[in-house]
Every structure is written in structure tokens, then in C-alpha cells.
Amino acid sequence: MFRFAHIEYLYLLFILPVLAVLFIAVYYQQRKKLSSFAGEKLHKVLFPLRSGFKLWSKFIIYIVAVGLLIMGIANPQIGSKVEEVKNVGIDVFILLDVSLSMQAEDIKPSRLEKAKFEISRLIKKLRGDRIGLIVFSGNAYVQIPLTTDYSAADLFLSAVDVSSVPQPGTDIGKAMELAMQSFKLDSETKKAIIVITDGEDHEGNLDVPIKNAVDNGIQVFTIGFGSTSGVPIPVYNASGVRTGYKKDRQGEVVLTKLGETMLMDIADKGNGEYYHATNTSDELNKIYNDLSSIEETEFGATRVTEYEDRFYWFIVPALVLLLLDVLISLNKSRFIMKFDGE
């Protein structure tokens, strides 16, 4: 099998016809000016060593060399062998709270931004595990289905903010139900759920989704973001400038507190662990270590072709041609004179 590792560089080949047109245009413009200065018979007298054949030869060599260089930097590759790689790991769904209270800044720079940072680090640590992301507040949506494309997962994560789910509230139950629906429960792959939230303003009954998870062998981990003492919720305008703090109907500033007891209860009933996020602690490593202790299972296989670089097939001839182009002079030689009619 043959391919180019960086096929986008091949678009540079469109430069070659442009260079050819420019060369021809300049060449005939110079000939026209020269003809207006002196007749054709005087050209050989005024420029006895000038060789049109060499000029065109050097240009053709240069064009070919540039074309080879472009193909070389596109890195042509030859498929050497095809292997079947087993996909081994666990399935992890991260449930991320994006309610307005996650904008509180008792965790710097904010609860949500710190949570996104921790998730991003978790994504970078995973190897072979499938990861998915569900964002929730009063409702829940699958932001990223289960995937091993960690780069795409990190990209979609960066776009998450408090406007990702328009419904207010914190309905962890809906998020867990959606995760259960999104798992392939009939597969033998070990599964885990990580709930990241401040646990405030919780809605609905959690016993049913937790029991459903446990009955299907799914562990539930929780990370609580925020302080138990309560902090105000900043409000920002469309330009990202803080305009004040969230207030209730009586005009009093609303304080948001971490619902730690509930999150401990979820983790306990879900056979997982609860972690309290702080500015300095590293909950990521703790959860990753817990996930690593779960027995990994094979969930499929992928046929992978190994490729070997062959860029030097084009780079070496290109360098030789460029050196040849430098060494060839524009003066006539005895051999070239035959082509010039001398």
C-alpha cells in the first residue's frame, strides 16, 4: 500500500504551472525588448555565448526538482505489514455539571474551568479506554459518545460552558440515566461513571439510577467542586465582563454550597469513591489509579497497517537536480552549439 503522510502538502504542486507561466512570460518579454533593441542577426554578435537551450534546460531541471521536493515533504510511505491490534480497556462516562453555580470562584479560576482542566488531564492519561462526556444541569445531553479519539474529546470539552444546557438546576439522575442508555450494557467491557458537580439544587431520585448502574456492574465515582461554607455566583455579560452576582427575587445575593453529603452517598452506593476538589489537590491521579485497578477487557480489534517512510526517494533526486542546476552555466558549449545551429 502506498500513501502520503501529509497529503495536504501536495497542493503546493499547483505552484509549478504558475512558475512555468511566469517564466515563459518573462522569457518572451525579454526577447521582445531585445528584438526592439537589435535585430535577430545582431543577437549572435552581441551575445555570442548566450544559449537558449541551456536556459530552458535549467528551468526544466529546477521545476522537476521543486516538484520532487514537494512530494518528499509530503512524506510518501509504503505499507510494510498489516496487524490486528486488540482494543483493550474500560468504558468511562464523565458527567459534567454545567449549571450556573459552577461559575463560582471558590475553586480557581472557577469550578467549571477547574473541572474541565481536570477532565482534560484525565483524557490525556487514558490509554485504550473509551471515554464519553455528558453535560447536564436541569437536563442532560451527550456531548461526546464513547470514543478512543482523545483529541476530539478534548476539543469538544473545550467548548463546554454554562450555556451548553439551557435548563437550570442540577439533575444528576437524568445524567446517570442517559449514561446508562449510552453504554453498551450487553458487552463484557468494564464500565465506570464519574460525576463532577457541586451537587447543589439536586432534583429527582437517585436511588433508581444508582441501583441500575450497580446491577450492571458499573462503578460510580464522584468529585465535589466547591466549598461547604458558600460563595456568591458571578454573572458575566456577553463580553465576558463580570456585571455582579446572582441574586434571588428579594434582591439578596445567592450563595452556592457544595452538597458533599449527597455526593458521598452516591459514591458509596455506587461502589466507587468520593473526592473533594481543591485548588491544590490532584483528584485526577486518584481516580485514574482507581480506574486502572478495574480489570480491563477486550472490546474489539482494529486492523492497523504499518507504514515506512520513503521521502528520500524524492528528496535525494531533488537535491541532485538542484546541484546540477547550479553547476550548469548559461554559456554555450560545443555540444549545445549543435542545437543552436552553429
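**View 1. Just past helix H7 in this predicted model, we meet Gly217.** Gly217 follows H7 and has a positive phi, near 75 degrees. Keep this glycine in mind as a landmark while we step back to the helix that comes before Gly217.

**View 2. Helix H7 has a buried side and a side turned away from it.** H7 runs through residues 207–215, and Pro209, Ile210 and Ala213 are buried in this helix. Why do they lie on the same side of H7? Because these residues cover an arc of only 100 degrees around the axis, they share one side of the helix. On the face turned away from that buried side, you can find Val208, Lys211 and Asp215, which are exposed. And what covers the buried residues of H7? The cover includes helix H6 (172–182), strand S7 (218–225) and helix H8 (260–269).

**View 3. Thr222 sits in strand S7.** This strand is part of the cover over the buried residues of H7. Is Thr222 buried or exposed? Thr222 has a relative accessible area of 0%, so this residue counts as buried. Look around Thr222 for its contacts: leaving aside neighbours within four places in sequence, they are Val195, Leu263, Ile266, Ala267, Glu273, Tyr274 and Tyr275.

**View 4. Here is a nonpolar patch on the surface.** Five names are worth finding in this view: Phe311, Tyr312, Trp313, Val316 and Val320. Together, these residues have about 490 Å² of accessible area. One of them, Val320, belongs to helix H10, which spans residues 312–327.

Note on methods
Residues numbered from 1 in each chain as written. Predicted model: local features only at pLDDT ≥ 70, side-chain atom pairs only at ≥ 80, totals over all residues. Heavy atoms only, no water. Patch = residues over 30% accessible without salt bridge, like charges linked within 9 Å, V, L, I, M, F, W, Y side chains within 5 Å. Areas by Shrake-Rupley, 256 points an atom, 1.4 Å probe, with all protein chains shown as cover. Salt bridge = Lys/Arg side-chain N within 4 Å of Asp/Glu carboxyl O. Helix = DSSP H or I, 4+ residues; strand = E, 2+ residues; numbered from the N terminus. Buried < 20%, exposed > 50% of the residue type's maximum accessible area, 1.4 Å probe, protein only. Arc of directions from axis to C-beta. Contact = heavy atoms within 4.5 Å.
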